[in-house]
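These are my notebook entries on a single chain. I record below what I looked up, entry by entry.

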Amino acid sequence: MANKLTMVGYYIILITNCVLLSTVCLSSSANAKFAKKTYIIQMDKSAKPNTFSNHLEWYSSKVKSVLSKSADEIRNEEEERIIYTYETAFHGVAAKLTEEEAEKLESEEGVVAIFPETKYTLHTTRSPGFLGLEPLDSTDKIWSENVADHDVIVGVLDTGIWPESESFNDTGMKPVPSHWRGACEIGRGFRKSNCNKKIVGARIFYRGYESATGRMDEKAEYKSPRDQDGHGTHTAATVAGSPVRGANLLGYAYGTARGMAPSARIAAYKVCWTGGCFSSDILSAVDRAVADGVNVLSISLGGGVSSYDRDSLSVAAFGAMEHGVFVSCSAGNAGPDPVSLTNVSPWITTVGASTMDRDFPAEVRLGNGKTIAGSSLYKGTSVLSLKKQYPLVYLGGNSSSLDPRSLCLEGTLDPKIVKGKIVICDRGISARVQKGQVVASAGGVGMILTNTATNGEELVADCHLLPAVAIGETEGKELKRYVLTKKNGKATATLAFMNTRLGIRPSPVVAAFSSRGPNFLTLEILKPDLVAPGVNILAAWSGLIGPSSLQTDHRRVKFNILSGTSMSCPHVSGVAAFIKSKHPQWSPAAIKSALMTTAYVHDNTIKPLKDASSAVPSTPYDHGAGHINPRKALDPGLVYDISPQDYFEFLCTQKLTLPQLRVFGKYSNRTCKHYLSTAADLNYPAISVLFPEKASVSSLTVHRTVTNVGPAVSKYHVMVSPFIGASVKVEPDVLNFTTKYQKLSYKVTFTTRSRPKEPEFGGLVWKDGVHRVRSPIVITYMPPI
């Protein structure tokens with residue numbers, strides 16, 4: 001009987017808990033339904049009734065018409081609900097609405113689309129010399145400056161800027177170009193005088209951030225263009241920093257630091273804050289930057305991948321492209337996993353990361369006499385004696401499963417075990433420099449950071465707070481075996497640091513962290529577009545934070561070394577600005593074509609580019625068209641140009657509905673003319689074809705048109721690499737140009753011989769004896785049915 005009563009009691013408790021849980025869930029659901037969130041509302045600008053004197057008045061009326069409030073409440077809230085108005089690259093508003101209000105508004109006349117707020121993340125010297133952008137001598141013609149070089153303005157969307165950096169010195173620069181319409185917004189720690197002829201504009205965008213996270217703590221955060229993170233200063237200086245001699249990080253990478261386009265101007269648009277970067281702020285910054293008059297936009301940010309019409313950054317970038325603005329975005333740091341790319345729209349230049357021929361060597365010298373090569377940027381007061389051996393400890397085991405202690409996560413290390421020892425930490429979950437802080441806090445005297453399978457043998461140097469060395473996966477396994485097989489703590493080591501080494505071979509190598517293709521939104525559009533230096537990049541830094549970015553790091557430096565596609569993106573943005581200064585009439589697509597068709601696919605040992613995660617040759621899914629080659633890009637010979645209508649025709653091949661197409665077509669009243677038979681026919685500088693499952697489809701033809709930007713009279717012959725699964729025929733196989741800017745077309749026909757299981761990679765090259773205009777080719781074969 002007691003057992004029965006117990007069971008009855010148990011079920012009563014269970015039912016009561018379920019009822020309470022249901023009530024909580026219903027309550028939460030109800031609260032969520034009435035909670036206000038930021039939505040980006042795209043409007044059909046041309047649909048404004050004549051009864052409204054301006055578009056903002058009409059937009060406000062539309063928003064007011066769906067509010068679930070009384071007239072008095074609506075009047076009081078009207079200003080608060082609309083947080084941004086967009087009117088250049090995008091048309092509409094950002095407003096705080098409930099889910100129900102957003103649903104109502106979506107069906108209103110004149111509303112094209114509604115995008116929920118999205119959170120984006122940052123994709124966190126020697127590079128100009130490595131890229132061939134240092135002047136060879138005083139007669140180097142490509143480096144000769146003219147007035148046009150100074151008239152290119154790059155908008156950098158990031159965490160702001162540190163204006164006191166020497167990289168933003170404007171000595172010798174001519175007056176700000178007359179077409180510039182930007183502003184220098186003032187705020188805490190930022191005055192009008194912080195702008196100059198180098199930093200021509202600085203704005204902040206925070207309303208979406210505050211709407212999502214609450215009012216900003218202005219004591220902890222600078223509500224101004226001042227950069228307290230460092231990331232924005234680093235990217236801006238990489239794009240267009242003025243030359244600074246003697247630049248270094250604690251003695252590492254000593255030399256002259258300069259941007260890719262040192263004569264270009266910088267406009268800083270602060271869109272990222274302590275709590276992240278929000279799409280309504282990013283969209284407002286793009287819209288404002290285009291209206292201000294930027295020529296290039298550099299955006300080292302990324303969110304997830306969504307369809308073209310649901311990606312607000314993609315839509316805004318389309319509008320920027322229509323205004324002649326080149327848009328460069330980072331590919332992301334989710335490599336080496338395949339299909340890990342962001343920012344994949346064809347009108348965006350998507351940039352992956354690669355290494356340079358510079359390294360920061362360090363060594364782990366073991367008690368058994370063996371030496372393991374590694375990398376580090378450590379320079380501090382705590383130094384390990386090279387004449388002494390220190391006990392080694394690894395708190396993981398032989399199991400492949402991760403142990404929080406082996407990852408050196410916060411609170412996992414026992415000071416009794418760690419004190420006075422060098423601790424081995426596996427990469428993953430927490431930041432690399434954070435692991436070092438955890439070790440130091442537990443009394444460790446040093447750290448060895450070991451790569452996992454994800455990172456392979458790629459070494460990224462960090463400015464640690466304690467003596468620390470990063471080593472590759474293979475030697476990391478051997479080191480752990482050495483420690484685990486030595487009984488009674490007999491495993492020992494010391495750490496040695498060797499400063500800076502140049503001439504590393506092979507280089508460049510595709511970074512393991514660099515996000516990879518294919519582009520599953522559209523396989524016929526190869527992404528990334530190309531790779532550029534993104535590993536161990538030296539550039540200017542904020543004076544508000546230490547080089548490790550940890551709050552406990554009280555060191556202050558003028559320059560810092562960072563890695564990420566965030567660093568590779570501004571390299572391409574800067575080179576694009578440099579090309580624009582030499583060829584001001586070129587379209588964004590022409591500049592992109594010049595960058596892609598002159599990219600190289602061999603390293604400094606004359607072997608195919610390698611993938612750092614596997615040490616095998618990389619493919620176009622890793623490196624796109626190849627590694628950026630700025631000098632060649634200035635004179636590409638031929639370009640593949642693409643008009644805004646061509647990009648729209650590409651969208652017409654993507655099975656979008658008419659309302660979805662209106663997202664891109666409304667600004668210029670574009671409609672589908674259906675002159676592209678497939679997505680592969682977009683005049684892209686890369687060729688990617690997809691044989692469908694139908695066995696009856698054994699032949700595919702793509703079309704391309706090239707514009708002669710070289711000598712008026714020139715003759716190009718074609719070369720195509722062989723493929724196992726298909727034959728390739730190019731018609732015509734010779735292009736004879738008689739005038740500059742003449743356009744000639746050709747077609748490429750692929751005929752299957754077999755259907756390999758894996759994609760095949762190759763290239764098509766047009767040669768005139770001076771220029772090599774190369775397009776990567778990818779052939780994907782779907783299994784026949």
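**Entry 1: disulfides**

I counted four disulfides in this predicted model, taking a disulfide as a pair of cysteine sulfur atoms within 2.5 Å. Such a link is a covalent bond between the sulfur atoms of two cysteines. With the bonded cysteines numbered in sequence order, I read the pairing as 1-2, 3-4, 5-6, 7-8. Cys329 takes part in no disulfide; the nearest cysteine sulfur belongs to Cys569 and is 6.1 Å away. I note Cys329 as buried because its relative accessible area is 0%; buried means under 20%, exposed over 50%, and partly exposed in between, with a 1.4 Å probe and protein chains only. Cys463 is also entered as buried, at 5% relative accessibility.

**Entry 2: basis of the model**

I number residues from 1 along each chain as its sequence is written, and side-chain values use heavy atoms, with hydrogens and water left out. The model is predicted, so local features need pLDDT of at least 70 and side-chain atom pairs count only at pLDDT 80 or more, whereas totals for chains, interfaces and linings use all residues.

I then looked up the confidence, pLDDT being the predictor's confidence in each residue, from 0 to 100. The chain has a mean pLDDT of 90, and 90% of its residues reach 70 or more. Residues 1-30 have pLDDT below 50, and this stretch has zero contacts in the model beyond near neighbours in sequence; contact means heavy atoms within 4.5 Å. Residues 143-148 are also below 50, but that stretch has 12 contacts beyond near neighbours in sequence.

**Entry 3: three of the bonded pairs**

I first examined Cys184 and Cys195, which are joined with an S to S distance of 2.1 Å. The link is right-handed, with 85° about the S-S bond. Both cysteines sit in the loop between strand 6 (153-158) and strand 7 (199-204), 11 residues apart. For secondary structure I use DSSP runs, numbered from the N terminus: helices are H or I of at least four residues, strands E of at least two. Cys184 and Cys195 are both buried.

Next I took Cys272 and Cys277, whose disulfide has an S to S distance of 2.1 Å. The torsion about their S-S bond is about 110°, so I enter this disulfide as right-handed. Both Cys272 and Cys277 are buried.

I then turned to Cys652 and Cys672, with sulfur atoms 2.0 Å apart. Here the torsion about the S-S bond is about -90°, so the disulfide is left-handed. The pair links distant parts of the chain, 20 residues apart: Cys652 is in helix 17 (residues 644-652), and Cys672 is in the loop between helix 18 (658-665) and strand 32 (687-691). Cys652 counts as buried because its relative accessibility is 18%. Cys672 counts as partly exposed, at 24%.

**Entry 4: helix 11**

Which residues of helix 11 are buried? For this helix (residues 432-441) I list Val433, Lys435, Gly436, Gln437, Val438 and Val439. Their cover includes helix 10 (415-418), strand 21 (422-426) and strand 22 (446-450). After helix 11 comes Gly443, with a positive phi near 95°.

**Entry 5: three buried residues**

Leu366 is part of strand 18 (residues 361-366). I class Leu366 as buried because its relative accessibility is 6%. Setting aside residues up to four places away in sequence, Leu366 touches Ile372, Gln389, Leu392, Leu479, Tyr482, Thr492 and Ala493. For Leu366 and Thr492, 126 residues apart along the chain, I find 5.9 Å between the C-alpha atoms.

Thr598 lies in the loop between helix 14 (588-597) and strand 30 (610-611). With a relative accessible area of 9%, Thr598 is buried. The Thr598 side chain reaches the backbone oxygen of Ala594 at 2.6 Å. Beyond four places in sequence, I find Thr598 touching Asn629, Lys632, Ala633 and Pro636.

Val718 belongs to strand 34 (residues 714-720). I enter Val718 as buried because its relative accessible area is 18%. Where are its contacts, leaving aside neighbours within four places in sequence? Val718 is in contact with Val730, Asp733, Leu764, Val765 and Trp766. The C-alpha atoms of Val718 and Asp733 are 5.4 Å apart, and the two residues are 15 apart in sequence.

Key
A polar contact is a pair of N or O atoms within 3.5 Å; within protein, one must be able to donate a hydrogen and the other to accept it, and residues adjacent in sequence count only if both atoms are side-chain atoms.
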